[in-house]
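Me: I'd like a close look at one spot in this model, then a walk outwards from there. Take your time and keep it chatty.

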Amino acid sequence: MAKNKNLVYIAISIVAFLVLAFLYSTPVLTGKQLFQHDIVQYRGGAKELIDYRESFDKETYWSDSMFGGMPTYQMGSRFEGDIIKKVDSYLNILPRPVNYMFLLFAGFFLLGMVAVRNWKYALLGATFFGLSTYFYIIIAAGHNGKVNTIEYFAPLLAGILLVYIRKKYILGFIVTTLFFGLQVAANHPQMTYYLFLGLGYLFISELIRALMKIVSMKHFLISSGIIAFSLAIGVGMNSQRIMANSEYIKETVRGKQILNSENHTAGNSGMDKASILNWSYGRLETLNLFIPRLMGGGSQQGFSDSYPDKLRESLASQISDESQIEEGVQSIVQQTTPYWGDQPGTSGPAYQGAVVCFLALLGFFFAPNKYRFWILGATMLSILLAWGSNYMALSDFFIEYIPFYSKFRAPSSILVVVELLFPLIAMIGLYKFFKDSNLTEEYKKKILLYVSGGTLGLTLILLLFGKSLLGFTNDSEKEIPNFILDVIIEDRVKLFRIDAFKALIYVGITAVVLFLGLKQKLNQNIALLIIGAVSLFDLWSVNRNYLNDKNYVDAIFAENPFQTEGTDYLAEKVGDNPNLQSILASIPVNKTLETIAQKDTKHYRVYNQVLGVTGETNTSYFRPSIGGYHAVRLRRYDDLMNAYITQPDSAKTPKILNLLNTKYMIFGKPSEPQVVPNPNANGNAWFVSDLKFANNPNEEIALVGEIDNKKTAVINAEDKKYFAGKNLQSDSTATINLTRYEPNELEFKSSSKTPQLAVFSEVYYPHGWKVSVDGKDVDYVKADYLLRAVHVPAGDHNIKMVFEPKVIETGKWLSLICFALFILISAAGIYFVYRKREEAAKIA
């Protein structure tokens, strides 16, 4: 009876999560969709991939849409053996972002039921975790892969705790394997990596408990073996994706350096240190977990409503001309931001909630040792690593000695571990506060008094003396005149004090409720309701600053953000929605691109300087682009971009654009784009008979900007052997033309009286590309630092290039085998438990 009653409450909790998620996202009920910057960029970059899928009902693993061409493994490609990804899609069947919110709530609820086995506390903990502000910030930005990964954090931890703490080996294996497989399928390795850095402390904690004989060494070894096997199967179910990405990553900016420079050393893996640490959390900024606008909130977040008036008053004391004053106000409002922290910019704070942070502090005193020490260790490590360049001793150590750490940028992201562990320790501590009779009332009262007094006292000190203690400005603002800076600081202080006062109130209410509950003057259920309501109101109200109804738009804008016709109706629908203003602003450029694509249907690339070469995919939506928007582009292409395109050179840059078959260039302003045809583009392929050998990559990339690349090719000295026994002779009448184009399959016809080297305006990638001449497979070589080249004998020939990566087929079968193994072991385990219960029932 009690079990059935518990199931009813669990079902009610699940319904509550659905209600909360839909209440937060009410526009989805009217058919509106989220307008997310990164998803807009994805739609442009993946257009060729999606069109190919729809046309041929199969996948292409190469696309020419961005950066001259690259694998599609991280552009939304699908893998045939990816059954675990299908499971993920079924779990995320609800409209976005309801799906994310629901799974964040439900996943932590499972963790709560494992940790405290009480639905009330699990429900409360789920709201603590599921409403963490950072999640709503990344949802608004369109970091769907990141939040998709994070939604499986809690249930994965639940599975591991089932094995280590609850000794439920079979159930723990099933839960751990399933949710680790889903987390890997969500495809954000950085988040998974950070989670396991934190979980390393759980492993150490369990080892210490075994060494101290608190638990048996046998249990520790069995548990560790089960977890290791679970993780191996979880990885195996994603073999196709992992193998493809592993092969790809080695050739990207996350792989080994090729060039030597002041910031790079050839052969070193990962990014340069500056790139890794660029988004480092300030030491003081960590208090954003407790006070959201301690450092102003987000870079795009507005000042207070009175800010323009205060500026106007200050400018009036310096300037008499009213028109100049208004211009000055508008200019300052646009150029200043309330954020004054150490990061280059931020979408918002990693706010965890005043109530949650307060309860987490209490939790470190009330929670059992098997939780508190590893959670404390993981929390401290995450915070220290998040400081990045502000704590170089630790950052240097991790970059140099901890495998894979240098593959990831933005160390502030590791605070997601804190955002998992604070709600967990808060929930466990709260449960023990009310339920653990081994903790005396005197101890509870003493800890409550000290922690609440310390928290409230510190908050009050910051509230009263924060302006003099914190300063509210940074070094980059030294050049701002004092009469303007004083207004900026005053407004930042105002925003901070509002939030600090709220924190004071929220913590005060929570402390009083806990005290009254301890004294049994307040029913425990009522106490939990009040705490839940205060925390819910706190987090909900802050989150609405970053994800609200303005983030939702009509489906047509979300699904087709690259509009080409401006109409009154469109302008009316856009209105004053800031998320849609970019659609209107880019219409002239889009129209220009569409016109180019309609008039010239051949295969070529476009250089678009108007929207920023490396910050847009509008171009890719219509035509293959020299640029694009992707964090993991090929290393060689990135090197060439940095050398010749990011900082243009009037003599050398045109040569590189010609090399990349750039047939059209777009300059000017977004409102008035100017198309400049490039008659000097090399075309899809061309013959050369003159070679220049470079002794090293630095010499190689330098020569590319100097040679006449229509006649000469730069070859690395290491590839000299390719030309052994191969003669090259010039033939001015020779021709080579593209006769068929698909992103993963190209055909060329050539005619030459002499043997020559055919250079193709196609990016060199050493894995998966197969080249044949007249049906016979031949080797190809890298030319001009970046491109593919093939020796072609005299005569008429048919040259074919096909992208067929071996890892796709090999990974497919490994994925299928591992998923089948998971199902078989799970089924056998469930049968074993069932039989064991039957036998126990017979004996009883």
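The spot I mean is Asn 661: is this residue buried or exposed, and why does it count that way?

Reply: Asn 661 is buried, because its relative accessibility is just 5%, and the cut-off for buried is under 20%. Keep in mind as we go that this is a predicted model. As for where to look, Asn 661 sits in the loop between helix 30 (653-659) and strand 6 (662-669). Its backbone deserves a glance too: phi is positive, about 55°, even though Asn 661 is not a glycine.

Two other residues make good company here. Phe 404 also has a positive phi without being a glycine, with a value near 75°. You'll find Phe 404 in the loop between helix 19 and helix 20. Unlike buried Asn 661, Phe 404 counts as exposed, because its relative accessibility is 55% and the line for exposed is drawn at over 50%. Then there's Asn 187, which follows helix 10 and has a positive phi near 70°. Helix 10 itself covers residues 169-185, and its 17 residues reach 24 Å from the first C-alpha to the last, close to the 24 Å expected. That helix is mostly covered, with 13 of its 17 residues buried.

While we're on backbones, have a look at Pro 97. The peptide bond leading into it from Arg 96 is cis, with omega near 5°. Pro 97 is placed in the loop between helix 4 (83-91) and helix 5 (98-115).

Back to Phe 404's loop, which has an aromatic contact to show you. The whole structure holds 49 aromatic pairs. One of them joins Tyr 193 and Phe 408, a tilted pair with 5.2 Å from centre to centre and 45° between the planes. Tyr 193 belongs to helix 11, while Phe 408 is in the loop between helix 19 (392-401) and helix 20 (415-435), so this pair links distant parts of the chain, 215 residues apart. Both partners are buried. Phe 203 and Phe 220 make another tilted pair, with ring centres 5.4 Å apart and planes at 45°. Since Phe 203 is in helix 11 and Phe 220 in helix 12, this pair ties together parts 17 residues apart in sequence. The two rings are covered to differing degrees: Phe 203 is partly exposed at 38% relative accessibility, whereas Phe 220 is buried at 4%.

Phe 203 turns up again on the surface. Together with Ile 204, Ile 208, Met 212 and Ile 214 it forms a nonpolar patch, and the five share about 490 Å² of accessible area. Ile 214 lies in the loop between helix 11 (189-211) and helix 12 (217-236), and it counts as exposed because its relative accessible area is 51%. If you like aromatic groupings, there's also one cluster made of Tyr 61, Trp 62, Tyr 73, Phe 79, Tyr 248, Tyr 765, Trp 769 and Phe 803.

Now for the charged side chains. The structure has 24 salt bridges. Glu 59 and Arg 53 form one of them, with their closest N and O atoms 2.5 Å apart, and both residues are buried. Glu 326 and Arg 312 meet in another, at 2.7 Å from N to O. Glu 326 is in helix 16 (residues 322-335) and Arg 312 in helix 15 (residues 307-316), so the bridge ties together parts 14 residues apart in sequence. Glu 326 is partly exposed at 34% relative accessibility, and Arg 312 is partly exposed with a relative accessible area of 25%.

Lys 519 and Glu 441 are bridged as well, at 3.2 Å from N to O. Lys 519 comes from the loop between helix 22 (482-518) and helix 23 (524-543), and Glu 441 from helix 21 (residues 441-470), so that contact ties together parts 78 residues apart in sequence. Lys 519 is partly exposed at 32%, and Glu 441 is partly exposed at 40%. Elsewhere, salt bridges with shared partners join Arg 740, Glu 745, Glu 747 and Lys 800 into one network.

A last word on cysteines: a search of the whole structure turns up zero disulfides. Cys 357 is buried at 6% relative accessibility, and Cys 818 is buried with a relative accessible area of 14%.

Key
Residues are numbered from 1 along each chain as its sequence is written. This is a predicted model: local features need pLDDT of at least 70, side-chain atom pairs count only at pLDDT 80 or more; totals for chains, interfaces and linings use all residues. Side-chain values use heavy atoms; hydrogens and water are left out. Patches are made of residues with over 30% relative accessible area and no salt bridge: like charges are joined within 9 Å, nonpolar side chains (Val, Leu, Ile, Met, Phe, Trp, Tyr) within 5 Å. Accessible areas come from the Shrake-Rupley method with a 1.4 Å probe; for residues, only the protein chains shown count as cover. A salt bridge is a side-chain nitrogen of Lys or Arg within 4 Å of a carboxyl oxygen of Asp or Glu. Helices (H or I, at least four residues) and strands (E, at least two) are DSSP runs, numbered from the N terminus. Buried means under 20% relative accessible area, exposed over 50%, partly exposed in between (1.4 Å probe, protein chains only). A disulfide is a pair of cysteine sulfur atoms within 2.5 Å. The expected span of a helix is 1.5 Å times one less than its number of residues. Rings of Phe, Tyr and Trp (its six-membered ring) pair if their centres lie within 6.5 Å; planes under 30 degrees apart count as stacked, over 60 as edge-to-face and the rest as tilted.
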